Amino acid sequence: MSLPTNPKRSATATFRSPPMKKAKSQAVACSLDPKNGLHHHAADDAVFDSDDPNARGFIAANLSRKKATPPQPPKKLLIKLHKGKPTLPPNFEEDTWVKLKSAICAIFLKQPDSCDLEKLYQAVSDLCLYKMGGNLYQRIEKECEEHISAALQSLVGQSPDLIVFLFLVERCWQDLCDQMLMIRSIALYLDRTYVKQTTNVRSLWDMGLQLYRKHLSLSPEVENKTVTGLLRMIESERSGEAVDRTLLNHLLKMFTGLGIYAESFEKPFLECTSEFYAAEGMKYMQQSDAPDYLKHVETRLQEELERCLIYLDASTRKPLIATAEKQLLERHIPAILDKGFTMLMDGNRIEDLQRMYSLFSRVNALESLRQALSSYIRRTGQGIVMDEEKDKDMVSSLLEFKASLDTIWEESFFKNEAFSNTIKDAFEHLINLRQNRPAELIAKFLDEKLRAGNKGTSEEELEGTLDKVLVLFRERMCKKDLAKRLLLGKSASIDAEKSMISKLKTECGSQFTNKLEGMFKDIELSKEINESFKQSSQARSKLPSGIEMSVHVLTTGYWPTYPPMDVRLPHELNVYQDIFKEFYLSKYSGRRLMWQNSSGHCVLKAEFPKGKKELAVSLFQTVVLMLFNDAEKLSFQDIKDGTGIEDKELRRTLQSLACGKVRVLQKMPKGRDVEDDDLFVFNDGFTGPLYRIKVNAIQLKETVEENTSTTERVFQDRQYQVDAAIVRIMKTRKVLSHTLLITELFQQLKFPIKPADLKKRIESLIDREYLERDKNNPQIYNYLA
């Protein structure tokens, strides 16, 4: 068969000089012969023979004439076209389709075809060039539909074995893909012209997918059986069996390519997943402990993620993981915490706690974990704080507990700020459980660490201890113990003391630490005053010999309030005090000195039959011992009359001298308590391995009065927080009744406080003009800007 072509045009012409006539040109016409193909009809050309003598003469004459005439302009060549149109052979479209249909059938039937692909491609191109693409597309679509329908119908009633059936479906799908690609390569010109230029017409590939989707929906048995087989395979894999993941991948890609993945597969798949993990979660929670269960959950989630990467569609990842997390984690959060959180915390299981935190964060359950942490700290810490028998170890136990929590917070909870605040709040609750007892023990612990004599402790270790204690300490009382260390010269390191104050300043504000800083200034100033006193004329001329005295001049308000105690001092000490007072008032006129005898301490030289000793004692102990220079035996009443010391303090002083480890005096009768009719004698048999012996008096157990006043002193340190809370509330509310103000203060202040103390602070703020009482109702306060 000859292929029609567009008519081509051409022309030829030859020129001879004589007789200067222009040869006529005639176009070559093209006509289509259906049998013999293309034929060319050319016109005869005019040709002159140059061997003719007449012609030669004519040429010579013409040349001679040419020299005489001017050159002529060039002649134009005129080409006339043959306007005949080529005609298509009869039945051209039908004949061409017969060949194309034969080729398509051969492709679907997997048989060879006699016509090569190049001729088939040319045939499609010819039909498209002559505007026959629409009919061709419809014929191809109809032919494909017949074969696709037959292929899917052949799957109905196939093997009851689901795996075998899935392989048949996969082969059918793969065949369709290969066949449509082959058909598309033959009809590529149709795809690139007709399909592209016509709206609402699918490409040949999409047309094949649409036909497959249509007939798959018309064969619900095939579709349902395929989905069921896929779900069974995935469930088998979850149960630990090996499955053909390539098969799963191919079939799920088929669903995706057909556009029915979400509706036909994903929806039932997620339902089956939910049922599977709901049952498994219940089973494993009953059979395993919390750490093992969390490991199992972590493994399951990783497996599901791998499925999404290997054969599931990417769009399934999010709902699939969410379904697994809900059934394995979210439903069991309370049970996991009840069953295993305390065990993990007690065992300091960093890795397991980290796993718990990571998994809980995936289901937004960190708040439950934070509350469990708070409850654990309060419950465990209460056992430490409320056990009065272990008060001695309370602070060290709390520090160890806090250190373990800090490690867990850093490594397991990834330094979550909310968890850090939870730990701080829980410890603040613990410190306030027993009113002020924990605060006292913390202050004593800190006092021991800062006191001199802690050998083997480096500056770095001491600094680390201060940091740890500060977390517990916060705004707790420390002024009293610092005063003792400074007055007795027992501080391990002034630099460490100042470092602690700097930390407290950062933690509690400058208002809290300005008194502590003032105490250091007083100590430094006292050194200068003592040096100046020693160089003064009063000291050189009036001081009694054999006595050295150092005086600390303390500013009222910076230091703890010491109760005034009267005592009859030896004559030498009275003289020394009077001379110093004269010197000081002459230098600082307008000031008043008040001697705090309860805070004084001395070093006495004592001669015992077994050797001389130096005794480091308090001023009260000194006064008592000096009486025995003039008497061998004294009754309790004699000592009381001779010293003028208050009864309770005198009993405590005599206990330290006659009933403690260092017994400079002997009591008759023997016993731990001092009675009114007891007698005391100088202990001639006293001996000791050291030359200087310390008789503890200042560091004795606190008196009942000191314990009673602890609450008041702690409140004094906290009054700035109370004032700030009152001002903050009133600044926000502007006008507030007394009852509502007290209620809000109890909610904001996290330490125990009496309503009477709050009322005192309100009155103080009224005096300082931060607040005022309402003129019409004294129970209502107004904020003054």
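**Exercise 1. Determine how far apart Arg307 and Glu304 lie along helix 11, and describe how their side chains meet.**

Step 1. Arg307 and Glu304 are three residues apart in helix 11, so about one helical turn separates them; helices here (H or I, at least four residues) are DSSP runs, numbered from the N terminus. The model is a predicted one, in which local features need pLDDT of at least 70 and side-chain atom pairs count only at pLDDT 80 or more, while totals for chains, interfaces and linings use all residues. Residues are numbered from 1 along each chain as its sequence is written, and side-chain values use heavy atoms, with hydrogens and water left out.

Step 2. The two side chains meet in a salt bridge, at 2.7 Å from N to O, where a salt bridge is a side-chain nitrogen of Lys or Arg within 4 Å of a carboxyl oxygen of Asp or Glu.

Step 3. Both Arg307 and Glu304 are buried, a word that stands for under 20% relative accessible area, whereas exposed stands for over 50% and partly exposed for what lies in between (1.4 Å probe, protein chains only).

Step 4. Salt bridges that share partners join Arg307 and Glu304 with Glu237, Arg238 and Arg245 into one network.

**Exercise 2. Decide for Arg300 and for Glu303 whether the residue is buried or partly exposed.**

Step 1. Arg300 and Glu303 both lie in helix 11 (residues 290-310), three residues apart, which is about one turn of the helix, and they form a salt bridge whose closest N and O atoms are 2.9 Å apart.

Step 2. Arg300 has a relative accessibility of 8% and therefore counts as buried, whereas Glu303, with a relative accessible area of 27%, is partly exposed.

**Exercise 3. Find which helices are linked by the salt bridge between Arg761 and Asp723.**

Step 1. The side chains of Arg761 and Asp723 meet in a salt bridge of 2.9 Å, N to O. This pair links distant parts of the chain, since Arg761 is in helix 30 (residues 755-767) and Asp723 is in helix 28 (residues 704-733), 38 residues apart.

Step 2. Arg761 counts as buried at 12% relative accessibility, and Asp723 is buried with a relative accessible area of 8%.

**Exercise 4. Classify the ring pair of Phe580 and Phe583 by the angle of its planes.**

Step 1. Rings of Phe, Tyr and Trp (its six-membered ring) pair if their centres lie within 6.5 Å, and planes under 30 degrees apart count as stacked, over 60 as edge-to-face and the rest as tilted. By this rule the count comes to 22 aromatic pairs.

Step 2. The rings of Phe580 and Phe583 have centres 6.3 Å apart and planes at 55°, so this pair is tilted.

Step 3. Both residues lie in helix 24 (residues 571-587), three residues apart; Phe580 is buried with a relative accessible area of 0%, and Phe583 is buried with 7%.

Step 4. Phe580 and Phe583 belong to one aromatic cluster, whose members also include Tyr576 and Trp595.

**Exercise 5. Explain why the buried residues of helix 29 line one face of the helix.**

Step 1. In helix 29 (residues 738-748), the residues His738, Leu741, Ile742, Glu744 and Leu745 are buried.

Step 2. Seen down the axis of helix 29, its buried residues fall within an arc of 165°, and therefore they line one face of the helix; the arc is that of the directions from the helix axis to the C-beta atoms.

Step 3. The face turned away from the buried side of helix 29 carries the exposed residues Thr739 and Gln747.

Terms used: Helices (H or I, at least four residues) and strands (E, at least two) are DSSP runs, numbered from the N terminus.
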